[in-house]
Each structure stands twice: as C-alpha cells, then as structure tokens.
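Here is a short note to read alongside the model, written as numbered points. Please keep the sequence and the structure in view while going through them.

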Amino acid sequence: MSESGQQEPNELEQFATAAYLGMKAAFIIAMETFCNETGADLDALLGALERDPRIGQLRSVEGFDPWDFRAFLAVLKAENSEALGFFRAMERFPRQALASGPAGASA
C-alpha cells in the first residue's frame, strides 16, 4: 500500500486475480455440491458451460493461491469496503476445498 493509503497497481492486480480465481473455484465447488445432491454429472455440466462463448474455460484455476485471496479479504475489511460481503459469501464453502481447488478443476 502507498503512503496515501491507495493500493499499488501491482498489488491491486494481484488481489483482483486472487479474487477472480477464488470466485471461479467457489463456483465450481458450488456446482459440484449441487451435482452431488441431485445426481447430475459435474463434467457434463462444466462442459456445457464451457461451450458457451460468454463463459469459456472454467476448470482451470491454475495459479489460485488461497493466501492471496485471504489477504484480499483482509484489505477489503481494513478499507471497510462494501465489496467484502460479496466475497465473504465464498467463505461458506469449506476452506479445505478452496485451498485444494475444486474436484473438476486443474490447479
């Protein structure tokens, strides 16, 4: 963080990347949970979603670092950001699952 309290661009980019990959991992974990509950095929679902050009590749969360994501949450909390509520919702998923990545994803 700079002396003025502003996030440095590289630090902000790192946090944004961690947040995006965390959302992707949390989405896949949520879909995996739903598929397990309903008997649906996770691979078939992810394959169908990935064929939609608006979505693209879902299964790769390569480079996702849960520690970067937690650091990002700490910054949001310190800044009293309204965005914190959105990202806190991802914490409902088991931390262990977020740490290891979703079953249908390549890390």
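**Notes on the model**

1. Setting aside neighbours within four places in sequence, Lys-24 is in contact with Gln-57, Leu-58, Ser-60 and Val-61. Please bear in mind from the start that this is a predicted model.

2. Lys-24 belongs to helix 1, and it is worth asking whether Lys-24 is buried or exposed. Lys-24 is buried, yet it has no salt bridge, and the nearest side chain of opposite charge, that of Glu-50, is 7.4 Å away. The absence follows because a salt bridge requires a side-chain nitrogen of Lys or Arg within 4 Å of a carboxyl oxygen of Asp or Glu.

3. For the overall fold, the protein chain has five helices and zero strands, and buried residues make up 33% of its 107 residues. Among contacts with a separation of 6 or more, 62% are between residues 24 or more positions apart.

4. The largest nonpolar core has 16 residues, and those with the most contacts inside it include Phe-64, Phe-69 and Phe-72. Helix 1 (9-38), helix 3 (66-78) and helix 4 (84-88) each supply at least two residues of this core, with the largest share, six residues, coming from helix 1. Outside its neighbours within four places in sequence, Phe-69 is in contact with Ala-18, Ala-19, Gly-22, Phe-64, Phe-87 and Met-90.

5. Apart from that core lies another one, of five residues, among them Cys-35, Leu-42, Leu-46 and Leu-58. Leu-58 is also one of the residues in contact with Lys-24.

Conventions. Residues numbered from 1 in each chain as written. Predicted model: local features only at pLDDT ≥ 70, side-chain atom pairs only at ≥ 80, totals over all residues. Heavy atoms only, no water. Core = buried A, V, L, I, M, F, W, Y, C linked by side-chain atoms within 4.5 Å. Buried < 20%, exposed > 50% of the residue type's maximum accessible area, 1.4 Å probe, protein only. Helix = DSSP H or I, 4+ residues; strand = E, 2+ residues; numbered from the N terminus. Contact = heavy atoms within 4.5 Å. Lys, Arg positive; Asp, Glu negative; His and termini not counted.
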